[in-house]
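The exercises below concern one protein structure. Please examine the sequence and the model, attempt each task, and then read the worked solution.

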Amino acid sequence: MGAGIGGSTAEAELARLAPWPNPAPAIAAAERATRSRRAKVLMAEIGADAMIIGAGPSLRYLAGVGWNPTERLVAMLLPREGGPTMVCPRFELGSLKASLGVEADIELWEEHESPYGLAADVLTRMGARTLAIDPALPFFAFDGLRLAAPAIAMLNGAPVVDGCRMIKSTAELALMSQAKAMTLEVHRRAARILAPGITTTAVRRFIDQAHRALGADDGSTFCAVQFGVASAYPHGLPGEQRLERGDIVLIDTGCRVQGYHSDITRTYVFGEPSAAQRRVWEVEKGAQAAAFAAVRPGVACEEIDAVARGFLEAAGFGPGYELPGLPHRTGHGIGLAIHEAPYLVRGDRTPLQPGMCFSNEPMIVVPDTFGIRLEDHFYVTPEGAAWFTEPQLSLEEPFAAAN
């Protein structure tokens, strides 16, 4: 049995957890103002007079409002010149004022009124002839706005959103570091509660409770627990599994801290690893390390994927997406969304820049047998890459340090 695997209980581990000490500071108003200025520069580059940002990660980024989208339009209208206007249902005014992290005018609509007509009126007053659309805005909202403002040309706002959000500030890196450190601690605790016969449901329940105990925004944002053959499917199989000796254990989970995500995977064996499990784990470890070592500012995102895939192919996996091998991209951007641009995948030629943040997870799948995924995250520095969390030390020692 590997170090730190088994030997405890969920009750004992939860009793040892407390809210995270020295939490990272919240995003300050001055930083939000800088974000808006940056957005306006990018709007000018694509010829947009204004931009609409719907509820979701980008509204939180620019306005501090961490609401999820619903059928009711809640949005920021940001002109290239002047201050923003929030469009919101009247009955949500109190909640909006309590959430809003910037100075903004507020325009309200009643349940029987068209929010799109109201937004069109605001854009007319702003003098907008071209409007950048938040790429995450639901289609029904885009369509309603298009019909209400036929004279306004609609543009893809992705260059503005991605151009702002893909470069993280020092404050954002601190929040992400906390979220990832919390999830790694939950991983350590989860490994200790494993025992023959434990169910994937019980492990998921513990992981959610542990995230909450440490002070995550809302427990686990997601949690995949896969035993044995289920690990050969990147996102698992339906139904419940019970742990047996010799099983691969693959746990992929994360949380949020003030909206910023973690997403970490650990893979190890409950019991004595087989020779095949050991070999595939070592190749996976090497592919993850090769991808990390290839990171430099100016290198295209797709090149990191090519390096990881080349390492795997040299070890006899693939080629390309063929199995046994790596069936998906090497990594994704992360921040206020768990998956966000840019991506470490063939075809994404975005140059790496300091402040970009990515997962590094070149999973190996052996069909109908098992899968190995090691997932940690790094941020780009002027010199190369820096880990948020230390990668798994070895198959027998899933965690570099135990508390």
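**Exercise 1. How many residues does the largest nonpolar core have, and which residues have the most contacts inside it?**

*Solution.* The model is predicted, so local features need pLDDT of at least 70 and side-chain atom pairs count only at pLDDT 80 or more, while totals for chains, interfaces and linings use all residues. Residues are numbered from 1 along each chain as its sequence is written, and side-chain values use heavy atoms, with hydrogens and water left out.

Step 1. A nonpolar core is a set of buried Ala, Val, Leu, Ile, Met, Phe, Trp, Tyr and Cys residues joined through side-chain atoms within 4.5 Å. Buried means under 20% relative accessible area, exposed over 50%, and partly exposed in between, with a 1.4 Å probe and protein chains only.

Step 2. The largest such core has 64 residues, and Leu 59, Met 76 and Leu 194 have the most contacts inside it. Helix α8 (residues 170–192) supplies the largest share of this core, 9 residues. Helices (H or I, at least four residues) and strands (E, at least two) are DSSP runs, numbered from the N terminus.

Step 3. A second core, separate from this one, has 21 residues, including Ile 52 and Tyr 116.

**Exercise 2. Describe how α8 and α9 meet.**

*Solution.* Step 1. The axes of α8 and helix α9 (residues 200–214) come within 10 Å and cross at roughly 135°. Axes are lines fitted to C-alpha atoms, for helices over the stretch in contact, and angles run from 0 to 180 degrees between N-to-C directions.

Step 2. The two helices α8 and α9 are therefore oblique to each other. Angles under 35 degrees count as roughly parallel, over 145 as roughly antiparallel, 65 to 115 as roughly perpendicular and the rest as oblique.

Step 3. Contact means heavy atoms within 4.5 Å. On the α8 side the contact includes Met 182, Val 186 and Ala 190, and on the α9 side it includes Phe 206, Ile 207 and Leu 214.

**Exercise 3. Determine how α10 and α11 are oriented to each other, and name residues of their contact.**

*Solution.* Step 1. Helix α10 (residues 275–293) and helix α11 (residues 301–314) have axes that come within 8 Å and cross at roughly 150°.

Step 2. The helices α10 and α11 are therefore roughly antiparallel to each other.

Step 3. Among the contact residues are Val 283, Gly 286 and Ala 287 of α10, together with Ile 304, Val 307 and Phe 311 of α11.

**Exercise 4. Which of His 112, His 187 and His 377 are buried, and which are exposed?**

*Solution.* Step 1. His 112 lies in the loop between β4 (105–109) and α5 (115–126). With 69% relative accessibility, His 112 counts as exposed. The C-alpha atoms of His 112 and Cys 357 are 43 Å apart in space, and the two residues are 245 residues apart in sequence.

Step 2. His 187 belongs to helix α8. At 1% relative accessibility, His 187 counts as buried. Not counting residues up to four places away in sequence, His 187 touches residues that include Ile 251, Asp 252 and Phe 399.

Step 3. His 377 is found in strand β17 (residues 376–380). Its relative accessible area is 0%, so His 377 is buried. Leaving aside neighbours within four places in sequence, the contacts of His 377 include Lys 180, Asp 263, His 332 and Trp 387. Glu 361 is 16 residues from His 377 along the chain, and their C-alpha atoms are separated by 8.6 Å.
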